[in-house]
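Here is a short tour of a protein model, written for someone who likes to check numbers against coordinates. Please keep the viewer open while you read.

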Amino acid sequence: MATLRNLKIKTGTCKRIVKELHSYEKEIEREAAKTADMKEKGADPYDLKQQENVLAESRMMVPDCRKRLEASLSDLKGTLAELEESNQKEGPEIEEAQGTIKEVEELFQTTEA
């Protein structure tokens, strides 16, 4: 059975994963700039290869993070639906969960377009 505590936990999980996703995206930008700078300056091929590996690892984390966010979002929606069925339709936890769902769905729409 869904409780407000579970809802709050799942809302927090979604928010944390969104934050993590943004962090990886910033890291990719930073590492891509560093790699381009190293190429421009004619860095040692070994160092350049290591930097490219770092960039590739960062890029691999984004799809994984998105997959976890999708799973967390569907979990949150399910919990919210259970609470609404049991006539708990108001309260700060409910509003926060609805806001988080809206934010995550907008994030998916902007990255898919």
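## Overall fold

The protein has 3 helices and 0 strands. Read from the N terminus on, the order of its elements is α-α-α. Please keep in mind that this is a predicted model.

## Shape and packing

How does the radius of gyration of the protein relate to that of a compact globule of 113 residues? The globule would come out near 13 Å, but the protein has 19 Å. The extents of the C-alpha trace along its principal axes are about 65 × 25 × 20 Å.

Contacts can be sorted by how far apart the partners sit in the chain. Of the contacts in the protein with a separation of 6 or more, 78% are between residues 24 or more positions apart. Buried residues account for 30% of the 113 residues.

## Surface and charge

About 7,600 Å² of the protein is exposed, and 51% of this area is supplied by carbon and sulfur atoms.

Turning to charge, there are 19 positive and 25 negative side chains. The centres of these two sets lie 2 Å apart.

## Helix 2 and what follows

Helix 2 covers residues 45-85, which is 41 residues. Does its end-to-end distance agree or disagree with the span expected at 1.5 Å a residue? The expected span is 60 Å and the end C-alpha atoms are 61 Å apart, so the two agree.

Just after helix 2 comes asparagine 87, whose phi is positive, at about 65 degrees. If you are colouring a Ramachandran plot, asparagine 87 is one to look up.

## Two alanines

Where is alanine 43? It belongs to the loop between helix 1 (4-40) and helix 2. The relative accessible area of alanine 43 is 27%. Buried means under 20% and exposed means over 50%, so alanine 43, at 27%, is partly exposed. Between alanine 43 and isoleucine 101 there are 45 Å, C-alpha to C-alpha, and the two are 58 residues apart along the chain.

Alanine 81, by contrast in location, lies in helix 2. Its relative accessibility is 33%, and therefore alanine 81 also counts as partly exposed. Alanine 81 and isoleucine 9 are 72 residues apart in sequence, while their C-alpha atoms are 15 Å apart in space.

Key. Residues numbered from 1 in each chain as written. Predicted model: local features only at pLDDT ≥ 70, side-chain atom pairs only at ≥ 80, totals over all residues. Heavy atoms only, no water. Helix = DSSP H or I, 4+ residues; strand = E, 2+ residues; numbered from the N terminus. Rg over C-alpha atoms; globule rule 2.2 N^0.38 Å. Buried < 20%, exposed > 50% of the residue type's maximum accessible area, 1.4 Å probe, protein only. Contact = heavy atoms within 4.5 Å. Areas by Shrake-Rupley, 256 points an atom, 1.4 Å probe, with all protein chains shown as cover. Lys, Arg positive; Asp, Glu negative; His and termini not counted. Charge placed at Lys NZ, Arg CZ, Asp CG, Glu CD. Expected span 1.5 Å × (residues − 1).
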